[in-house]
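Please work through the exercises below with the chain in view, trying each task before reading its solution.

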Amino acid sequence: MFEKKQLSERDICTKYITPALESAGWDIATQIREEYQLTKGRVIVRGKLYTRARHKRADYVLFYKPNIPIAIIEAKDNTHSVGDGMQQALGYAEMLQVPFVFSSNGDGFLFHNKIATDGVIERELALHEFPSPQELWHWWSAHHGLDDEQTALVAQDYYSDGSGRAPRYYQLLAINKTVEAIARGQKRILLVMATGTGKTYTAFQIIWRLWKAKAKKRLLFLADRNILVDQTMTNDFKPFGPAMTKIQKRQVNKSYEIYLSLYQAVTGSEDEKNIYKQFSPNFFDLIVIDECHRGSAAADSAWREILEYFSSATQIGLTATPKETREVSNIDYFGEPIYTYSLKQGIDDGFLAPYKVVRIDLDKDITGWRPDKGMRDKYGNEIEDRIYNQKDFDKTLVLEKRTQLVAAKISEFLRQTNRFDKTIVFCENIDHAERMRQALVNENSDLAAQNSKYVMRITGDNEEGKAELDNFIFPESKYPVIVTTSKLMTTGVDAQTCKLIVLDQRIQSMTEFKQIIGRGTRINEDYGKYYFTIMDFKKATELFADPDFDGDPVQVYEPRGDESPVPPDIDENQPGDGVTAYPLPGEEHDHPVVAEPGPDEMGSGVRRYVVDSVEVKVAAERVQYFDADGKLITESLKDYTRKALAKEFESLDDFLRCWSSAEKKQAIIEELAEQGVFFDALADEIGRKSGREFDPFDLICHVAWDRPPLTRRERAEQVKKRDYFSKYGQQAHRVLEALLEKYADEGVTQIEEPRILTIAPFTDFGTPMEIIQVFGGPDQYRQALHELEEALYAG
């Protein structure tokens, strides 16, 4: 008979909690999810290296139906009290916004009922008293005042393709809250979800559930970019199949149920172009507006016309950026968001990529430039005598050497990182994008000669460029690598592998800034995309200091002069004091210029002065780091690591005890990595013998307690000198000697991996089981390995 207090937490779940749930009527296949992963763990960036913080995972999430969560259970082993897991469970319950929370140690349950009607929020239950799915659902429905018809809609099935793909926790919340709001009769709904968090997939599940429940029969999905409509039809909305159509060529066919359209395709300046009026005002009973910040905020916009014409329909607005500063807020139209998932939350949860910022200020941008009296540009036009500054460059005045310098800095960055990292360069206008393309081709003449699509301009006026947009988006397509653009790629382009975003455009609208940042926030693990870099030439990233911005960078770097544009891994000398906001000359709150200035706007008949003789240089400095919590690090990596270690270990002896007693050293290394300690970066900073030959043990002792470090090879040689192997038989001796060699070459974490025995030279000694039997069995093998580690770290 086993002793209950000796059982692991997993055993408690298997032997006590799961059977209690099944006895209460919970279906293990459809209603019980164990070790349910809520987040992926924030990506922590240090230099060119990254790791993930620990993800959040609930022991149990209970679902009334698939994707409709209703309860959380946190399990502990039997050495804990029944309620020890409650505070942890309440944190998870808050994330999933479920009302029923349980904690258990296998003896019973502590039940926390957020919607209790008798005033008793927490009570203990015996194992056999766990409530059934019907009981919890009935309590929940009664609390929300839903009748049978409303409850049936709220419980409508999700679409499943059989692959097991499930929405993320925040998508579940957005979908379920929207369906619940519609069940209650709410007509205007606003969902705010950061770019890259799956707004279209969320919209699809909402529409699917309402359509399948027959609560909504004819639906219109509106977007403002053709590519957004096409992407939606071929990807997320594909299951609608023959019930779906795209409104195009101003043709209306009223036999479909799901309609997708560009708003430009159904509106126009003349009445006959407003083809949406060919539908009766009550034809659609649901309209979903993607990127609704772009049009519906303005009361006289084409979007508003459509929405007001179909005013009897339920209308859902989707946006990453809920309001503008100078325009009317779209909250005026839709009301407050029923759910918000911000860029900061997405980065913290590990679903979105964090980013570093390289700020490069150019001398003429800071000081301005004034022509000599009577000076003419390269085309012979006399240049108006005044001071030109950043807001003029590439609009009313072109400094060709400025464009060449920007292209050179972009190319230098890529040469020092990866010249095939997908890159978007945002320019002021189409002319600027074309000049930037030419400059980048010249800077990368070797690769451009191999493939003319290495650099391409993708702007609204250029069919060849637009034809390559899909190839830029698809991770599998190598070309194009660098694209220059002005406005076309600010929204909706799902460029998952984009690793560098260059801002050579004055952006002073928070909405546009967030949309541009969103081009890089998608993570693609298959292609090694965990973070991205923003290279800022026009101080656009000063918007980080705006209180409306909700996702700070992990690092801000301002190279000076001829310094490399790639951020260094550490900065010993320049303590930061937060993101510095430099005042821009005039137009502090103006929106970016979209149209190119015409002759009348310049007052001289010259569209744009072009000057090729003025030198432009780089001027700027400062590096800043942000830690795992997004807080500013103001010291060197060594000092920061020393403080992080001081929080974990009281003294050197405390660390040595912890290291020695750890069954696997990898557990300690991973724990410290989650605190932002990057052993490879530390090794590079220490520098000796390339640094990478040091064991994490030596790096820790050296950085935190100034102990001279030994390389792994030196530690291995010390063990050999002690005649350590003499107590073992010949075969065991050979195995341990091989393990010692592997340690010297690759480190302690490698020899702790069981699969080490499946590679050379261990395959020469027999199968893994035969090798383990040489020591007398698995326990004896683990003991021998532990003793080898003790010998390595002795003294």
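The exercises that follow deal with a predicted model and go from the whole chain to single pairs of elements.

**Exercise 1. The chain as a whole**

Find how many helices and strands the chain has, and what share of its residues count as buried.

Solution. Begin with the secondary structure, which comes to 29 helices and 26 strands. Turn next to burial, where 56% of the 795 residues count as buried. The surface that the chain exposes is about 34,200 Å², and 46% of this area is supplied by carbon and sulfur atoms. Finally, among contacts in the chain with a separation of 6 or more, 71% are between residues 24 or more positions apart.

**Exercise 2. Strands β1, β4 and β5**

Work out in which sense β4 pairs with β1 and with β5, and which residues stand opposite each other.

Solution. Take β1 (residues 32–37) to start with, which pairs with β4 (residues 57–65) in the antiparallel sense over 5 bridges; here tyrosine 36 stands opposite alanine 58 in β4. Then follow β4 to β5 (residues 68–75), to which 5 bridges join it, again with the strands running antiparallel. Phenylalanine 63 has proline 69 in β5 as its bridge partner. Between the strands of this β4 and β5 hairpin there are 2 residues, and asparagine 67 takes a positive phi near 75°.

**Exercise 3. An open sheet**

Give the strand order of the open sheet of 7 strands, and explain why one side of β11 and of β15 is left without a neighbour in the sheet.

Solution. Read the order as β11-β12-β10-β13-β14-β9-β15, with parallel pairing. Because β11 (244–246) and β15 (339–341) stand at the edges, each has a single partner strand, so one side of each has no neighbour in the sheet. Neighbouring strands are turned against each other by 15° on average, direction ignored. Within the sheet, β10 (residues 219–223) and β12 (residues 258–262) pair in the parallel sense over 5 bridges, and phenylalanine 221 stands opposite leucine 260 in β12. Helix α5 (residues 169–183) lies across β9 (188–193), β14 (314–319) and β15, running at about 175° to β9.

**Exercise 4. Two helices that cross**

Decide how α25 and α29 are oriented to each other, and which residues meet.

Solution. The axes of α25 (residues 712–721) and α29 (residues 778–792) come within 9 Å and cross at roughly 105°. Angles of 65 to 115 degrees count as roughly perpendicular, and the two helices are therefore roughly perpendicular to each other. Arg715, Ala716 and Val719 in α25 meet Leu788, Ala791 and Leu792 in α29. The residues of this contact divide into 5 nonpolar, no polar and 1 charged.

Key
Residues numbered from 1 in each chain as written. Predicted model: local features only at pLDDT ≥ 70, side-chain atom pairs only at ≥ 80, totals over all residues. Heavy atoms only, no water. Axes fitted to C-alpha atoms, helices over the stretch in contact; angles between N-to-C directions. Helix = DSSP H or I, 4+ residues; strand = E, 2+ residues; numbered from the N terminus. Parallel < 35°, antiparallel > 145°, perpendicular 65-115°, else oblique. Contact = heavy atoms within 4.5 Å. Nonpolar A, V, L, I, M, F, W, Y, C, P; charged D, E, K, R; others polar. Buried < 20%, exposed > 50% of the residue type's maximum accessible area, 1.4 Å probe, protein only. Areas by Shrake-Rupley, 256 points an atom, 1.4 Å probe, with all protein chains shown as cover. Pairing = 2+ DSSP bridges.
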